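Me: I am new to this structure. Please take me through it in short steps.

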Amino acid sequence: MRQFCDRVWLWGQNAGSHHTRNNHYQLPGVNRMTPREGLEYFGISRCCRVVMANLPEPPFDAESEDLALADEVVWSVIGSGGSTRTNQEGWSEVDEVIRQAKMYPNVTGVIMDDFFSETRRQLFPPSRIQALKDRIRTGLGRPLPLWVVWYERELDSPVDVYFPMCDVITFWTWYGEHLFDDLPKNLDRVIERTPGKRRLAGCYLYDYGN
């Protein structure tokens with residue numbers, strides 16, 4: 001039987017990446033913990049390895065090797081909103097993740113971070129996301145489940161057209177107080193709009209909204 005820890009994933013980014021750009025979110029202290037160390041700290045073995053502020057830079061070999069003992073790794077093919085590299089035309093990021101998946105069988109999916117903003121939806125219309133999935137299937141010889149980040153502030157945005165192409169929905173609550181009053185009804189809306197999809201509820205360890 002699967003244990004609780006088998007259902008928990010770490011959101012893994014470069015150590016210190018949240019303190020860049022003048023520490024916009026005013027995080028305290030200094031962050032030195034790598035994604036692998038985070039897995040060890042929490043006693044879990046699954047990680048979303050996501051590019052933030054264009055880091056890490058390809059090739060990703062060192063990062064994949066550091067997570068080689070993890071049970072599952074999901075790599076970003078569209079990084080955080082501050083990662084301009086993945087906004088550019090072309091598939092350099094996708095091709096690099098395909099290369100990692102060929103070398104490391106524990107790469108079991110790909111994720112699009114900060115995806116449903118109006119800017120990102122203009123850059124990545126549904127046709128381009130379908131092309132992304134086709135490129136992965138062709139380049140790897142097998143499909144990789146496509147994950148996407150969906151924020152509570154985007155619940156009323158016209159994003160349903162993307163759901164047929166997405167396999168896993170991760171839903172994130174930005175303001176801490178909304179966890180108490182709004183989360184149950186928001187999750188009901190997520191479930192209603194994504195029939196047949198796998199879903200995960202994101203849990204921040206810091207109240208970014210406030």
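Me: What is the handedness of the crossing where H3 passes H5?
Reply: This is a predicted model. In it, two helices meet, H3 and H5. Where H3 passes H5, the crossing is right-handed.

Me: Which residues make that contact?
Reply: Both helices contribute. H5 brings Leu132, Arg135, Ile136, Gly139 and Leu140. From H3 come Val94, Asp95, Ile98, Ala101 and Lys102.

Me: How many residues of the contact of H3 with H5 are nonpolar?
Reply: Sort the contact by class. Three residues are charged and one is polar. The nonpolar residues number six.

Me: At what angle do helix H3 and helix H5 pack, and how far apart are their axes?
Reply: Two packed helices are described by the angle between their axes and the distance between the axes. H3 covers residues 92-103, and H5 covers residues 126-140. Their angle is about 35°, and their axes are 10 Å apart.

Me: How many aromatic pairs does a search of the whole structure find?
Reply: The search covers the whole structure. The count of aromatic pairs is 20.

Me: What kind of aromatic pair do Trp11 and Trp172 form?
Reply: Their ring centres are 5.5 Å apart, with 70° between the planes. Planes over 60 degrees apart count as edge-to-face. The pair of Trp11 and Trp172 is therefore edge-to-face.

Me: How many residues apart in sequence are the parts that the pair ties together?
Reply: Trp11 lies in strand S1, residues 10-12. Trp172 lies in strand S6, residues 168-172. So the pair ties together parts that are separated in sequence by 161 residues.

Me: Is Trp172 buried or exposed?
Reply: Take its partner too: Trp11, at 26% relative accessibility, counts as partly exposed. Trp172 has 11% relative accessibility. Buried means under 20%, so Trp172 counts as buried.

Me: Are the rings of Phe60 and Trp75 stacked or edge-to-face?
Reply: Phe60 is in the loop between strand S2 and helix H2, and Trp75 is in strand S3. Both Phe60 and Trp75 are buried. Their ring centres are 4.4 Å apart and their planes are at 5°, so the pair is stacked.

Me: Which residues do ring pairs link into a cluster?
Reply: Tryptophans and tyrosines make up this cluster. The tryptophans are Trp11, Trp172 and Trp174. The tyrosines are Tyr25, Tyr151, Tyr204, Tyr206 and Tyr208.

Me: How far is the charged end of Arg153 from the centre of the ring of Trp174?
Reply: Arg153 places its charged end over the ring of Tyr151, 4.2 Å from the centre. The charged end of Arg153 also sits over the ring of Trp174. There the distance to the ring centre is 4.9 Å.

Me: Is Leu144 buried or exposed?
Reply: Leu144 is in the loop between H5 and strand S5. Beyond four places in sequence, Leu144 touches residues including Ala101, Val107 and Ile136. Its relative accessibility is 5%, so Leu144 counts as buried.

Me: Which residues is Gln100 in contact with, leaving aside its neighbours within four places in sequence?
Reply: Gln100 is found in helix H3. At 0% relative accessibility, Gln100 counts as buried. Its contacts are Phe60, Asp61, Ser64 and Val107.

Me: What is the relative accessible area of Ile111?
Reply: Ile111 lies in strand S4. Its contacts beyond four places in sequence include Trp11, Trp75 and Trp147. Ile111 is buried, and its relative accessible area is 0%.

Definitions and conventions: Residues numbered from 1 in each chain as written. Predicted model: local features only at pLDDT ≥ 70, side-chain atom pairs only at ≥ 80, totals over all residues. Heavy atoms only, no water. Axes fitted to C-alpha atoms, helices over the stretch in contact; angles between N-to-C directions. Helix = DSSP H or I, 4+ residues; strand = E, 2+ residues; numbered from the N terminus. Left-handed = near helix turned anticlockwise from the far one by under 90°. Contact = heavy atoms within 4.5 Å. Nonpolar A, V, L, I, M, F, W, Y, C, P; charged D, E, K, R; others polar. Phe/Tyr/Trp six-rings, centres within 6.5 Å; stacked < 30°, edge-to-face > 60°. Buried < 20%, exposed > 50% of the residue type's maximum accessible area, 1.4 Å probe, protein only. Lys NZ or Arg CZ within 6 Å of the ring centre and 35° of its normal.
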